[in-house]
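Here are my comments on the model that you passed to me, set out point by point.

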Amino acid sequence: MDALTTHAPILAIAVPLAAAFLTPLVGRLGAKVRNVFVVAILLFVEFLVFTVVRQVLTAGIQVYTLGATAAGLAIPESHIVPVRIILEVDGLGAFLGIIAATVALSGAVYSLSAMRGESGQDRFYTLLLLLTASMLGIQYTGDLFNLFVFLEILSISGAALAAFRTRFVDAVEGGFKYVIVSTVSALLVLLSIGIFYGQYNLLNIAAVSDAMRYTLLDKIALALLIGALLTKSGAVPSHWWVPDTYTPAPAGTSPIIYASSLTCLGAALRIVFSLYGVKMTVSAVGWLVIVAGLLSMFIGVTMALRQTDIKRLMTYHVISQEGYMLLGFGVGLAVLGDPQAVAAYGREAIAGGLFHVLNNAFFKGLLLLTGEALFFALGTRDLDRMGGMGRTMKWTCAFFIIGALAISGIPPMNGFASKLMIYETSYQLNPMLAIVALIVSIMTLASFTKVFQAAFTGPGLPEYRDVKPVPLSMKVGMGVLAAGTLFFSLFPQLVLDTIVYPATDALLNQTMYIGVIMGGS
Amino acid sequence: MTSLVVNAPFVAVAALACVGLYIMVTQRDLIKIVMGVTILESAVNLFLVSLGYRNEGAAPGFTHASGTHMVLPVPQALTLTSIVIGVATTALMLTLVILIYRHTGETDAEKSRRVKG
Amino acid sequence: MDIRILAFWAPVVCLIAFLVLIAVTYAFRSRGESKHKQGTEQEKVFLSGEDMPDAGMRHVRAHNIYWGFFESLKQYYDPLIRAHTGIVNDYLMWLIGVVAIAGIVILTAGPW
């Protein structure tokens with residue numbers, strides 16, 4: 001048990017990775033065996049992630065060195081820098097790990113019946129497990145090149161999953177656009193890693209952060225990293241690939257691909273707060289992030305109002321909610337150099353952004369799954385052709401209402417709690433930010449009212465008389481996310497104190513992040 | 001003059017990257033876009049290898065060598081990883097291009113798109 | 001800022017208020033007419049005396065909703081919709097554009 005606790009970070013990455021390649025072999029024994037295997041592996045990963053969270057909350061930052069017992073050991077002994085790949089799990093990594101594991105589990109359970117009848121399901125579950133492994137890899141790693149490798153794995157498996165139903169032309173197109181944009185972004189990330197290695201001869205994030213001098217080359221690397229990682233997370237003005245990729249993604253993979261975009265946002269946070277921190281010009285970068293957030297919020301929701309494809313509408317809301325998160329993080333970043341402002345509202349802003357990340361993974365994932373449930377039951381994604389499904393698909397309707405209230409920020413839902421934190425703190429930096437955020441919230445409610453009216457209310461249409469409600473495993477998949485949403489709604493302070501504030505403090509405490517590897521070794 | 005010779009690989013990196021980016025942004029044929037991505041990949045790989053070079057260095061094939069000045073081995077490892085990842089992504093990109101061609105009969109980015117807005 | 005301080009937004013308080021409202025609403029509703037004649041005009045949809053069209057024609061379709069909003073914001077929407085071309089080259093152009101803008105902002109910023 002002790003060994004499991006010490007090795008939990010690497011097991012959380014290695015187990016789904018190994019299981020991904022074992023899935024085709026297990027699939028030879030039959031579909032049911034493979035399904036049980038996949039769900040069992042994801043439950044084990046969930047258990048490992050919670051072990052890691054408990055360790056981080058009680059014992060501080062967890063450092064796991066691959067190939068040695070301590071971070072300072074190296075071969076040959078003349079080297080004194082950390083040369084090994086080191087996993088460094090702090091509050092942020094633990095926090096994002098919960099999101100990755102839970103969303104992957106509920107998505108896989110949902111896919112058990114949603115993918116029934118599709119061919120090549122072995123490969124589907126392989127890709128799903130690979131995506132989970134890559135998300136946990138990015139969240140737990142403390143090494144830049146390791147981050148790049150897992151980023152590429154995330155892109156490849158995400159694109160292959162998006163394009164999985166190759167009989168639909170928009171699926172193949174979405175996968176192609178995703179892989180092109182992701183590969184170019186990852187190449188820009190690799191270029192900046194090369195810049196860091198060329199200057200400092202180091203790849204470990206804490207070590208580079210310690211040695212960082214913020215030269216001209218470091219500024220270029222920062223610009224490349226911000227541009228590439230904000231594109232990967234889907235911020236405007238580089239959001240174009242998001243609707244094309246998320247809309248045709250099959251079954252339960254839409255929330256998982258969304259969690260992978262949130263992971264890329266987490267990687268951007270790691271770069272900006274832990275790698276650069278106060279050494280860069282925080283107000284410039286902070287305002288850059290704030291402007292990206294405002295544009296994402298507004299353009300995301302105004303485009304969403306126009307859509308008639310249900311999943312495309314929800315995907316524009318993905319972009320819009322990412323805007324809220326970027327606003328929160330940008331406000332916290334812009335005042336990073338001023339300790340008074342950080343204590344007054346900076347820390348709250350970052351906590352609000354992180355809480356919104358957690359809430360979004362749950363309620364936005366739930367909404368994407370309800371969209372897919374409607375597609376599964378009716379065979380169409382076009383809102384113009386739907387109507388009156390509230391009577392037949394009762395559970396889907398209930399989950400949709402929970403998700404729609406949460407995303408619009410209606411009290412007492414969790415969306416309201418995190419949005420309130422973002423409104424309060426961004427108001428103190430500049431009142432216009434909060435006003436734009438409020439207007440966007442109203443328009444979000446408007447667009448979900450539109451979906452509710454078009455799909456669930458209204459008279460029962462004759463062409464949908466024989467539609468049956470969705471199968472049980474889909475309800476369970478949606479139910480897990482809905483239960484999470486309701487839990488966070490009822491106990492926001494508990495969630496904030498337990499996982500969100502430690503993650504915030506981990507981001508703000510760059511000295512401890514460096515000191516655990518450089519000082520103690 | 002020596003500074004130009006020393007910096008020649010980095011000038012080549014910049015030139016390759018510009019060529020790759022130009023192709024990706026202006027050429028409409030899907031396979032040409034994939035070629036542009038591959039050229040950008042080569043540029044980044046060349047950058048990684050050239051930043052490891054040390055003047056009069058030997059190949060990094062020794063352990064515990066004394067008195068032998070070697071080029072940096074780590075960027076070479078990074079480049080190998082990057083080349084392998086590049087192979088995987090290029091294979092995926094070309095597969096998707098073929099699937100788009102089978103569906104739409106076009107390899108033009110503008111004519112083969114079915115989704116917009 | 002502690003969410004506990006804003007007690008009237010606290011979720012449990014909101015839920016209790018909601019349940020109280022549901023109880024009051026139910027009390028009002030139960031005082032109404034409980035019986036109606038089945039199968040007569042009382043059951044049909046009332047459209048000011050017009051005939052009830054069939055279900056497909058009655059349901060307001062999604063593309064009609066918020067038409068006024070879109071018409072009045074036509075100046076904002078038209079360039080935006082045109083910008084969403086769906087061509088991969090434009091996606092990459094914007095990616096390079098974002099990197100360039102970030103580069104300019106970061107390189108020209110002073111040490112604040």
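The points below cover helix packing in one chain and one contact between chains.

1. This is a predicted model, in which local features need pLDDT of at least 70 and side-chain atom pairs count only at pLDDT 80 or more, whereas totals for chains, interfaces and linings use all residues. Residues are numbered from 1 along each chain as its sequence is written, while chains are lettered from A and ligands numbered from 1 in the order in which they are written.

2. In chain A, helix α13 (residues 339-378) and helix α12 (residues 310-334) pack at an angle of about 175 degrees with axes 8 Å apart; helices here are DSSP runs of H or I with at least four residues, and axes are lines fitted to C-alpha atoms over the stretch in contact, with angles from 0 to 180 degrees between N-to-C directions. That angle makes α12(A) roughly antiparallel to α13(A), a term for angles over 145 degrees.

3. α13(A) also packs with helix α17 (residues 472-490) of chain A, at about 150 degrees and with axes 9 Å apart, which makes α13(A) roughly antiparallel to α17(A). Among the residues making this contact (C-beta atoms, placed from the backbone, within 7 Å) are A:Phe362 and A:Leu366 of α13(A) and A:Met478 and A:Leu481 of α17(A).

4. Between chains, 37 residues of chain C are in contact with 51 residues of chain A. On the side of chain C that touches chain A, the largest share, 13 residues, comes from α5(C), which spans residues 88-108.

Note on methods
Helix = DSSP H or I, 4+ residues; strand = E, 2+ residues; numbered from the N terminus. Parallel < 35°, antiparallel > 145°, perpendicular 65-115°, else oblique. Contact = placed C-beta atoms within 7 Å.
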